Structure formats: structure tokens, C-alpha cells
Amino acid sequence: MISSDLRDKLIQSACEARQNAYAPYSHYRVGAAVLTEDGRLYTGVNVESASYGLTVCAERNAVYKMVSEGIGRITAVAVCTENAGSPCGACRQVLAEFAGDVPVWLVDDKGNGRETTLYTLLPDHFGPEHLT
Ligand SMILES: [Zn+2]
């Protein structure tokens, strides 16, 4: 359970990061923020490519930034889009690599949206337990 102040900060960080999205093709700008066990925040934005297939989502960029800084566990996620859109399947799977059934806030650029959880978004996910 995270405080409402921390939740608001997480959502605000995702929406502020969204300003840096590189989305000249889809024009669908996304900002994401992940909160770690030690209270750090990492943000990411979608970065598109003229080749289209090399586009990387905001959620995965936030996770990769976190991991590259040596941090490993996520306790909450916020995603900010123009219409409170939901993470794609690839991002759900990558988030599940570093998080349990954590809260996920899906908001628009005014911070309005809904709260869900990672396992609601990705039930019965593939995990390390399948690699025995
Ligand atoms: Zn994605």
C-alpha cells in the first residue's frame, strides 16, 4: 500500500515524462513511471523509429532505466496517455519480470483514469518458475 502522496507523485512523474515522448508517427505520446522498493522513481517515454518495428514503449523504457541503475523490484506503476490507455502485452510481461501484483494507475494527461493491478492486466503470466 503506497500513500496517496506517493501515488500522486508517481502519476505526476509519468505525465511529466510524457512531454518527452518521441512519437512523430503515431502521435500517441506515452509516459510511464515505476516506483521501486527503495522509493526511487524511474520514468520512460515511448520512442518511435521511422522503421516502426524498432519502437520501444514508455513502460519498458522505464523498466530498462531502472535495471540499468542496478535496481530490481517495482512496487507501483503509472502510465500516462491522452486517453488513459492500457500497456501492451509486451510491457505487461516485462513489468511482471520485476514486479508482483502491484498497483497500476492508467491516467490521461489530466491525471484522471483508473487503478488496476499488474496481475489483473496479465493473469497467468510466464515467469522464472516455468524455466526449471
Ligand atoms: Zn508496450
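Here are some exercises on the predicted model above, each with a worked solution.

Residues are numbered from 1 along each chain as its sequence is written, and side-chain values use heavy atoms, with hydrogens and water left out. Because the model is predicted, local features need pLDDT of at least 70 and side-chain atom pairs count only at pLDDT 80 or more, while totals for chains, interfaces and linings use all residues.

**Exercise 1. The sheet**

Task: Work out in which order the five strands form the sheet, and which strands are at its edges.

Solution: Start with the terms. Helices (H or I, at least four residues) and strands (E, at least two) are DSSP runs, numbered from the N terminus. Two strands pair if DSSP finds at least two bridges between them.

Step 1. Take strand 1 and strand 2 (residues 41-45): five bridges join them, and they run antiparallel. Within this pairing, alanine 32 stands opposite glycine 44. The two strands form a hairpin with four residues between them, and glycine 39 in the turn has a positive phi of about 85°.

Step 2. Now look at strand 3, which pairs with strand 1 in the antiparallel sense over six bridges. Here valine 34 stands opposite valine 77.

Step 3. Strand 4 and strand 5 are also antiparallel, with five bridges; leucine 106 has arginine 114 in strand 5 as its bridge partner.

Step 4. Put together, the open sheet has the order 2-1-3-4-5, with mixed pairing. Its edge strands are strand 2 and strand 5 (113-117), each pairing on one side only. From one strand to the next, the twist averages 15°. Angles like this run from 0 to 180 degrees between N-to-C directions, with axes fitted as lines to C-alpha atoms, for helices over the stretch in contact.

**Exercise 2. Strand 1 and its surroundings**

Task: Decide how many residues of strand 1 are buried, and find what lies across this strand.

Solution: Buried means under 20% relative accessible area, exposed over 50%, and partly exposed in between (1.4 Å probe, protein chains only).

Step 1. Sort the side chains by direction: Gly31, Ala33 and Leu35 point one way, Ala32, Val34 and Thr36 the other, and all are buried.

Step 2. Six of the six residues of strand 1 are buried, so the strand is largely enclosed by the rest of the structure.

Step 3. Helix 2 lies across strand 1, strand 2 and strand 3, and runs at about 140° to strand 2. The buried residues of helix 3 (residues 89-98) pack against strand 1 too, as well as helix 2 (58-68), strand 3 (74-80) and helix 4 (118-121); contact means heavy atoms within 4.5 Å.

**Exercise 3. The nonpolar cores**

Task: Find which residues have the most contacts inside the largest nonpolar core.

Solution: A nonpolar core is a set of buried Ala, Val, Leu, Ile, Met, Phe, Trp, Tyr and Cys residues joined through side-chain atoms within 4.5 Å.

Step 1. The largest core has 22 residues, and those with the most contacts inside it are Val34, Met66, Ile74, Val77, Leu95 and Leu118.

Step 2. Strand 1, helix 2, strand 3, helix 3, strand 4 (103-107) and helix 4 each supply at least two of its residues. Helix 2 gives the most, with four residues.

Step 3. Zoom in on leucine 118: leaving out residues up to four places away in sequence, its contacts include Arg92, Leu95, Ala96 and Val104.

**Exercise 4. The zinc site**

Task: Name the protein donors of the zinc ion and say which spacing they follow.

Solution: Donors are N, O and S atoms within 2.8 Å of the metal (3.2 Å for Na, K and Ca); water is not among the atoms, so sites may look incomplete.

Step 1. The protein donors are Cys57 (SG), Cys88 (SG) and Cys91 (SG), lying 2.3 Å from the ion.

Step 2. Along the chain they follow C-x30-C-x2-C.

Step 3. Check accessibility: cysteine 88 is partly exposed at 31%, whereas cysteine 91 counts as buried at 1%.

**Exercise 5. A tyrosine with positive phi**

Task: Locate tyrosine 52 and decide whether it is buried or exposed.

Solution: Step 1. Tyrosine 52 is found in the loop between strand 2 and helix 2, and its phi is near 60°, a positive value in a residue other than glycine.

Step 2. With a relative accessible area of 56%, tyrosine 52 is exposed.
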